[in-house]
Amino acid sequence: MGIYERLLLPRILHFACGMSSVTEQRLKLVPLASGRVLDVGTGSGHNLPLYEPERVQLVWGLEPSHGMRDLSAGNVARSRVELHWLDLPGEKIPLHDHSVDTVVLTFTLCTIPDWRAALAQMLRVLKPDGRLLFLEHGAAPDARVRRWQDRVNPGWRRCMGGCNINRDIPALLRDAGFEILRLETFYLPGAPRFAGYHYRGEAVPRRSPARR
């Protein structure tokens, strides 16, 4: 791993994910978490101060990048909930089956290389009546924007730590066995349109017809 990946990229991501427009969207989602929470792709911890101690028992923060975790000290200090770090990739979640009440995904599915395996793990650890809360960016519905996303994505992915700007996030969740209960879509104010189309919502494990 070079100097860029170890030192510069974590700071770029920390700054980008901590912008006021992004924090505004986090505030509409993260406080909804409850019980035992798995925060996947915790990064430098921007979600941590937003969890409500009256609702959250503890947070497992899954973040394999030590560079990102090194930048989390301030947000960890502001956290009002108990935090336990997990340093394995999202494709290998070291928790028991059905042990999590809420999974929180903020700007994570865009980056995980094997998203199928990662979502399968999230589905495994989530309780049958648990919730997955997500705030992600990805494929835009506008054809012109989407063409630019597809053109820019290879270079963007190399420069931004594997982040993809053209993934269809709702489709990934449905393919993995989740049912989306609530979905809001929008372009993030101030962000370039090719990287600014966002999805915010809530999903649950999809039940088989026999269990409905």
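With 212 residues, this chain can be compared with a compact globule, which would have a radius of gyration near 17 Å; the chain has 16 Å, so the two agree. Keep in mind as you look around that this is a predicted model. Along the principal axes, the C-alpha atoms fill a box of roughly 45 × 40 × 30 Å.

## The chain as a whole

How many helices and strands does the chain have? There are seven helices and seven strands. If you walk along the sequence, you meet them in the pattern α-α-β-β-α-α-β-β-α-β-α-α-β-β.

Buried residues make up 49% of the 212 residues. Among contacts with a separation of 6 or more, 70% link residues that are 24 or more positions apart. On the outside, the chain exposes about 10,300 Å², and carbon and sulfur atoms supply 55% of that area. The chain carries 29 positive and 22 negative charges, and the mean positions of these two groups are 4 Å apart.

## Two nonpolar cores

Let us turn to the inside. The largest nonpolar core has 33 residues. Those with the most contacts inside this core are L38, V103, L105, L119, M122, L132 and L173. Both helices and strands contribute: β1 (35-40), β2 (56-62), β4 (100-106), α5 (115-125), β5 (126-137), α7 (169-175), β6 (178-187) and β7 (197-205) each supply at least two of the core residues. Which element gives the most to this core? That is α5, with five residues.

L173 is a good place to zoom in. Setting aside its neighbours within four places in sequence, L173 is in contact with L109, L119, L132, F134, F178 and I180.

There is also a second, separate core, made of 17 residues. Its members include V22, V56, F107 and L133.

## Two residues with a positive phi

Most residues other than glycine have a negative phi. Two residues here are worth finding with that in mind.

H98 is not a glycine, yet has a positive phi of about 55°. You will find H98 in the loop between β3 (83-86) and β4. Is H98 buried or partly exposed? Its relative accessible area is 45%, so H98 counts as partly exposed.

F107 also has a positive phi, near 55°, without being a glycine. This residue lies in the loop between β4 and α5. F107 counts as buried because its relative accessibility is 18%, and the cut-off for buried is under 20%. As mentioned above, F107 belongs to the second core.

## A tour of some partly exposed residues

The table gathers four further residues with their accessibility.

| Residue | Relative accessible area | Class |
|---|---|---|
| R147 | 46% | partly exposed |
| E82 | 45% | partly exposed |
| A120 | 42% | partly exposed |
| D114 | 37% | partly exposed |

R147 is found in helix α6 (residues 143-159). Where does R147 stand relative to G162? They are 15 residues apart in sequence, and their C-alpha atoms are 19 Å apart in space.

E82 sits in the loop between α4 (73-78) and β3. Its C-alpha is 8.7 Å from that of P53, with their positions 29 residues apart in sequence. Leaving aside neighbours within four places in sequence, E82 is in contact with Q57, L58 and V59.

A120 belongs to helix α5, the element that gives the most to the largest core. A120 itself is partly exposed, at 42% relative accessibility. Its C-alpha atom is 12 Å from that of H98, and the two residues are 22 positions apart along the chain.

D114 is placed in the loop between β4 and α5. How far is the C-alpha of D114 from the C-alpha of E91? The separation is 6.9 Å, for two residues 23 apart along the chain.

How values were computed: Residues are numbered from 1 along each chain as its sequence is written. This is a predicted model: local features need pLDDT of at least 70, side-chain atom pairs count only at pLDDT 80 or more; totals for chains, interfaces and linings use all residues. Side-chain values use heavy atoms; hydrogens and water are left out. A nonpolar core is a set of buried Ala, Val, Leu, Ile, Met, Phe, Trp, Tyr and Cys residues joined through side-chain atoms within 4.5 Å. Buried means under 20% relative accessible area, exposed over 50%, partly exposed in between (1.4 Å probe, protein chains only). Helices (H or I, at least four residues) and strands (E, at least two) are DSSP runs, numbered from the N terminus. Contact means heavy atoms within 4.5 Å. The radius of gyration is taken over C-alpha atoms; the globule rule is 2.2 Å times the number of residues to the power 0.38. Accessible areas come from the Shrake-Rupley method with a 1.4 Å probe; for residues, only the protein chains shown count as cover. Lys and Arg count as positive and Asp and Glu as negative; His and the chain ends are not counted. The place of a charge is taken as NZ of Lys, CZ of Arg, CG of Asp or CD of Glu.
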